[in-house]
Every structure is written in C-alpha cells, then in structure tokens.
Amino acid sequence: TLMSWRGIKGGIEAAKMGHDVVMTPTTFCYIDYCQGDPTVDPPIYANLRVSKCYSYELIPEGVDAKHILGGQGNLWTENIPTLRYAEYMTYPRGWALSEVFWSQKEKKDWKNFVPRLENQFKRSDVADVNYSRAIYDAIVTPSFKGDKMMLELGTEIADLDIYYTFDCTMPDSHSLKYTHPVELPDGPLTLRVITYRNGSPIGHLITLKPEDLRKRAGRN
C-alpha cells in the first residue's frame with residue numbers, strides 16, 4: 001500500500017499498477033499549513049484554506065476506485081505547541097476533509113457545506129473545542145499592471161461584505177466597500193481590510209504595509 005503525499009501523481013501510477021493507495025497530497029491534506037492570512041495566523045511555508053481542502057477529489061479520473069483505500073489529513077506538530085492549538089489547526093479543515101473522504105462526489109456542494117460548517121462552530125463553542133474562523137477573513141491578492149499595483153479582495157464564502165482603508169484609519173461599514181479590483185494610490189499607505197456580515201464585523205482585521213503588498217505581488 002502506497003501513501004501519496006507528494007501530490008497525486010504517485011498515487012495514480014500506483015493504483016494503475018494494481019496497488020492500493022491512501023491519498024494524502026500536501027496541496028489539499030496538510031492541515032499544518034497556514035489556513036488564513038499569514039499576518040493573522042502564524043505563517044508557515046505554505047497555505048491551505050478550508051475551501052481548497054473541500055475542493056479535493058479523492059478518486060482521480062481514470063483510476064479504479066477499488067484501489068483508493070481512502071484519504072488522510074496530516075497535522076505535523078513541529079509548530080504545534082499545545083493540544084488547544086492542534087484543535088485550532090485541525091478544525092474546520094478536518095471537517096471539510098471528512099466530507100471529502102466520506103461522501104460521494106456528486107453530493108459535495110460548498111454552498112451547502114458552509115451553513116453546516118457554521119453549525120459545527122456552534123457545537124464546538126458549547127463543547128469548548130478550539131477552531132479557526134479564517135473562513136470569514138478577506139483574501140488579499142495584490143498584483144502589478146505595468147508599474148501600478150492592483151488590489152483584488154475576495155472571501156471564501158459569498159455573503160460577506162469587504163471594507164478597506166488606505167489612510168491608516170480603522171475600516172468599518174462606512175469605509176470604502178470593495179466591489180471590483182482597485183489601483184493602489186502612490187505614496188506611503190497602510191492597507192487595512194475587514195469583513196462584515198449583516199452589518200456587523202465578522203472577520204479578522206488584516207493590515208499590510210506597501211512592502212508587504214509588493215512582496216505578495218512578487219516584487220521586493
């Protein structure tokens with residue numbers, strides 16, 4: 001039996017040779033990776049959001065499903081100092097992978113999964129189980145168009161509003177509301193971004209300086 005963790009290619013090749021396989025590719029199943037913005041969560045060399053975990057298809061195309069024994073999420077603990085933090089890193093990505101591994105492909109539906117995920121948040125609050133709320137945070141993606149830096153903001157779930165400022169003030173529901181990519185102004189600035197739902201803040205505040213934005217856009 002082979003465990004395919006360096007991507008899915010090795011698992012596909014092994015299954016086609018008649019070997020049994022456990023699929024656990026780093027790009028979808030390594031839940032020790034940073035799950036939110038690296039300015040909020042402790043940064044690590046790779047990022048894996050819960051929506052990407054959920055997007056994983058366990059049975060590769062062209063492979064006999066009988067050779068795919070299942071999947072596995074991996075939480076390596078060299079950067080996990082406490083059991084409480086292990087919970088935080090495991091959930092909600094562990095719930096997403098559970099549904100990926102235990103459900104038929106046609107039953108998967110991200111929009112349907114989100115409210116059930118939020119119900120698990122409520123259950124975890126009652127049980128005092130730690131979990132990440134990074135799913136509510138904005139996704140900040142700067143890029144360059146010529147010499148001009150452009151800013152795209154997004155979210156993993158659909159019903160959030162994104163507000164931002166460039167002028168060092170704290171954003172709220174009266175700040176600029178994100179609707180389309182924007183050009184960052186020249187000069188010194190501090191980008192602050194926060195998400196709201198139904199008029200109330202719900203995500204973490206994300207703060208980025210110009211040098212942080214340039215680095216994310218691939219220019220130092």
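Asn198 is exposed in this predicted model, with a relative accessible area of 75%. The residue is located in the loop that joins strand E9, residues 191-197, to strand E10, residues 200-201. Its phi is near 50 degrees, a positive value in a residue other than glycine. Most residues other than glycine have a negative phi, and most peptide bonds are trans.

Asp128 invites a parallel reading. Its phi is near 60 degrees, again positive in a residue other than glycine. Asp128 sits in the loop between H6 and strand E4, the latter covering residues 139-145. Is Asp128 buried or exposed? The relative accessible area of Asp128 is 53%, and the cut-off for exposed is over 50%, so Asp128 counts as exposed.

There is also a peptide bond to note. The bond from Tyr91 to Pro92 is cis, with omega near 15 degrees. Pro92 belongs to the loop between helix H4, residues 83-90, and H5. In H4 itself, Tyr85, Ala86, Tyr88, Met89 and Thr90 are buried, and the buried residues of that helix pack against H5.

Let me now place these details in the chain as a whole. The chain has seven helices and eleven strands. Its C-alpha trace spans about 60 × 45 × 35 Å along the principal axes. Of its 220 residues, 45% count as buried. Among contacts with a separation of 6 or more, 58% come from residues 24 or more positions apart.

I turn to the interior. In soluble globular proteins, nonpolar side chains tend to be buried together. Here, the largest nonpolar core has 34 residues. Which residues have the most contacts inside it? They are Tyr56, Ile68, Phe101, Trp110, Phe121, Ile135 and Ile157. The elements giving two or more residues to this core are helix H1 (9-16), strand E2 (21-23), helix H2 (26-29), helix H3 (50-55), H5 and H6. A second core, separate from that one, has 17 residues, including Ala138, Val182, Leu191 and Leu213.

Trp110 deserves a moment of its own. Not counting residues up to four places away in sequence, Trp110 touches Val50, Ser51, Tyr54, Ile135, Glu156 and Ile157.

One of those partners, Tyr54, lies in helix H3. Tyr54 has a relative accessible area of 4%, and the cut-off for buried is under 20%, so Tyr54 is buried. Leaving aside its neighbours within four places in sequence, Tyr54 is in contact with Ala96, Glu99, Val100, Lys108, Asp109, Trp110, Phe113 and Arg116. By contrast with these contacts, one may take the pair Tyr54 and Val140: they are 86 residues apart along the chain, and their C-alpha atoms are separated by 20 Å.

Asp109, in the list of contacts of Tyr54, lies in the loop between H5 and H6. The C-alpha atoms of Asp109 and Tyr54 are separated by 8.9 Å, with their positions 55 residues apart along the chain. How accessible is Asp109? At 38% relative accessibility, Asp109 counts as partly exposed.

The two helices on either side of that loop also meet directly. Helix H5, residues 93-102, and helix H6, residues 110-127, pack at an angle of about 135 degrees, and their axes are 11 Å apart. That angle makes H5 oblique to H6. The crossing of the two helices is right-handed. What makes the contact? From H5 there are Trp95, Ala96 and Glu99, and from H6 there are Phe113, Arg116, Leu117, Gln120, Phe121 and Ser124. These contact residues divide into five nonpolar, two polar and two charged. Ala96, Glu99, Phe113 and Arg116 are also among the contacts of Tyr54, and Phe121 is one of the residues with the most contacts inside the largest core.

My last residue is Ile59. Ile59 is found in the loop between H3 and strand E3, residues 68-71. With a relative accessible area of 37%, Ile59 is partly exposed. Beyond its neighbours within four places in sequence, Ile59 is in contact with Ala65 and Ile68. The C-alpha atoms of Ile59 and Leu69, ten residues apart along the chain, are separated by 9.8 Å. Ile68, for its part, is named among the residues with the most contacts inside the largest core.

Note on methods:
Residues are numbered from 1 along each chain as its sequence is written. This is a predicted model: local features need pLDDT of at least 70, side-chain atom pairs count only at pLDDT 80 or more; totals for chains, interfaces and linings use all residues. Side-chain values use heavy atoms; hydrogens and water are left out. Axes are lines fitted to C-alpha atoms, for helices over the stretch in contact, and angles run from 0 to 180 degrees between N-to-C directions. Helices (H or I, at least four residues) and strands (E, at least two) are DSSP runs, numbered from the N terminus. Angles under 35 degrees count as roughly parallel, over 145 as roughly antiparallel, 65 to 115 as roughly perpendicular and the rest as oblique. A crossing is left-handed if the near helix is turned anticlockwise from the far one by less than a right angle, and right-handed if clockwise. Contact means heavy atoms within 4.5 Å. Ala, Val, Leu, Ile, Met, Phe, Trp, Tyr, Cys and Pro count as nonpolar, Asp, Glu, Lys and Arg as charged, and the others, Gly among them, as polar. Buried means under 20% relative accessible area, exposed over 50%, partly exposed in between (1.4 Å probe, protein chains only). A nonpolar core is a set of buried Ala, Val, Leu, Ile, Met, Phe, Trp, Tyr and Cys residues joined through side-chain atoms within 4.5 Å.
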